[in-house]
Amino acid sequence: MRKTLESASNFIDGMNEAIGKGVSWLNTLLVILICYDVAARYLFNTSSSGIVELEWHIFSFIFLLGAAYALKHDKHVRVDVFYQNFSPKKQAWVNLIGTLLFLIPFCIITIQSSLKFTANAYAINEGSPDPGGLPARFIVKGAIPVGFFLLLLQAFSLAFRSLLTVTESTNSDHA
């Protein structure tokens with residue numbers, strides 16, 4: 001069972017590592033786009049709603065598709081007033097319980113509700129209501145269930161690793 005959990009965690013971690021590194025390049029694109037937008041606005045007194053929308057679409061992709069990467073590297077928001085002083089076993093317990101009670105259910109609920117949201121946008125071929133805005137808004141809306149699915153997978157990896165830490169510590173206590 002231990003090997004199975006480790007293999008599953010390693011697969012999930014590897015996948016989210018690759019996706020996270022790929023998505024990180026969108027930051028460079030976003031900076032270039034914002035610089036272009038600012039230069040166009042202040043130097044040439046022109047602006048495009050399509051460029052502005054593309055900026056927030058790219059930011060959405062970075063945030064949604066990068067969340068699992070942040071969780072993998074323990075770079076997510078955490079109130080760790082007590083957590084930082086816990087032993088690795090206690091930290092594993094906090095991670096396991098928090099993941100099972102909060103993170104996994106939240107991901108499942110978000111995926112379920114966003115699938116309908118995305119399907120509706122696709123069905124009506126939703127685009128921007130602004131003149132010059134971007135078409136195919138369902139693409140960015142589709143990043144919601146995809147991002148939360150990746151986060152759900154990483155939550156399972158965290159739960160598996162936490163369970164392994166808890167049981168390893170327990171087993172070594174009895175040795």
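**Exercise 1. Glutamate 17 and its partner**

Task: In this predicted model, decide whether glutamate 17 is buried or exposed, and find which residue forms a salt bridge with glutamate 17.

Solution:
- Step 1. Start with the accessibility. Glutamate 17 has a relative accessible area of 15%. Buried means under 20%, so glutamate 17 is buried.
- Step 2. Look for the partner. Lysine 72 forms a salt bridge with glutamate 17, and the closest N and O atoms are 2.9 Å apart.
- Step 3. Place the two residues. Glutamate 17 sits in helix α1 and lysine 72 in helix α2, so this salt bridge links distant parts of the chain, 55 residues apart.
- Step 4. Check the cover on the other side. Lysine 72 has a relative accessible area of 28%, and is therefore partly exposed.
- Step 5. Widen the view. Glu17 and Lys72 belong with Lys21 to a network of salt bridges.

**Exercise 2. Two further salt bridges**

Task: Work out where the residues of the aspartate 13 and arginine 161 pair lie, then do likewise for glutamate 126 and lysine 141.

Solution:
- Step 1. Recall the principle: side chains of opposite charge can pair when their charged atoms come close.
- Step 2. Take the pair of aspartate 13 and arginine 161. Their side chains meet in a salt bridge with an N to O distance of 2.7 Å. Aspartate 13 belongs to helix α1 (residues 2-43) and arginine 161 to helix α4, with their positions 148 residues apart in the sequence.
- Step 3. Compare their accessibility with the cut-offs. Aspartate 13, at 12%, counts as buried. Arginine 161, at 31%, counts as partly exposed.
- Step 4. Turn to glutamate 126 and lysine 141, where the closest N and O atoms of the salt bridge are 2.7 Å apart. Glutamate 126 is in the loop between α3 and α4, lysine 141 is in helix α4, and the two are 15 residues apart. Lysine 141 counts as buried, because its relative accessibility is 13%.
- Step 5. Put these pairs in context: the count of salt bridges comes to six.

**Exercise 3. An aromatic pair**

Task: Classify the ring pair of phenylalanine 106 and phenylalanine 148, and say why that class applies.

Solution:
- Step 1. Get the total first: there are four aromatic pairs.
- Step 2. Use the geometry. The ring centres of phenylalanine 106 and phenylalanine 148 are 5.7 Å apart and the planes stand at 70°; planes over 60 degrees apart count as edge-to-face, so that is the class of this pair.
- Step 3. Locate the rings. Phenylalanine 106 is in helix α3 and phenylalanine 148 in helix α4 (residues 138-174), so the pair ties together parts that are 42 residues apart in sequence.
- Step 4. Add the accessibility. Phenylalanine 106 is partly exposed at 48%, whereas phenylalanine 148 is buried at 14%.

**Exercise 4. Two loop residues**

Task: Find which loop holds glycine 133 and which holds valine 81, and describe their surroundings.

Solution:
- Step 1. Glycine 133 is placed in the loop between α3 and α4. Its relative accessibility of 22% makes it partly exposed.
- Step 2. Search for contacts beyond the neighbours within four places in sequence: glycine 133 then touches Ser49, Gly50, Glu53 and Ser128. The C-alpha atoms of glycine 133 and serine 49 are separated by 5.3 Å, although these residues are 84 apart along the chain.
- Step 3. Valine 81 is in the loop between α2 (49-72) and α3 (88-123). Its relative accessibility is 53%, so valine 81 counts as exposed.
- Step 4. Together with Phe82, Phe86 and Val94, Val81 makes a nonpolar surface patch of about 380 Å².

**Exercise 5. The whole chain**

Task: Describe the overall layout: which elements does the chain have, and what does its C-alpha trace span?

Solution:
- Step 1. The chain has four helices and zero strands, running α-α-α-α from the N terminus.
- Step 2. The C-alpha trace spans about 70 × 35 × 30 Å along its principal axes. The radius of gyration is 20 Å, while a compact globule of 175 residues would have one near 16 Å.
- Step 3. Of the 175 residues, 35% count as buried. The chain exposes about 10900 Å², with 69% of that supplied by carbon and sulfur atoms.
- Step 4. Among contacts between residues at least 6 apart in sequence, 77% join residues at least 24 apart.

Technical notes
Residues are numbered from 1 along each chain as its sequence is written. This is a predicted model: local features need pLDDT of at least 70, side-chain atom pairs count only at pLDDT 80 or more; totals for chains, interfaces and linings use all residues. Side-chain values use heavy atoms; hydrogens and water are left out. Patches are made of residues with over 30% relative accessible area and no salt bridge: like charges are joined within 9 Å, nonpolar side chains (Val, Leu, Ile, Met, Phe, Trp, Tyr) within 5 Å. Accessible areas come from the Shrake-Rupley method with a 1.4 Å probe; for residues, only the protein chains shown count as cover. A salt bridge is a side-chain nitrogen of Lys or Arg within 4 Å of a carboxyl oxygen of Asp or Glu. Buried means under 20% relative accessible area, exposed over 50%, partly exposed in between (1.4 Å probe, protein chains only). Rings of Phe, Tyr and Trp (its six-membered ring) pair if their centres lie within 6.5 Å; planes under 30 degrees apart count as stacked, over 60 as edge-to-face and the rest as tilted. The radius of gyration is taken over C-alpha atoms; the globule rule is 2.2 Å times the number of residues to the power 0.38. Contact means heavy atoms within 4.5 Å.
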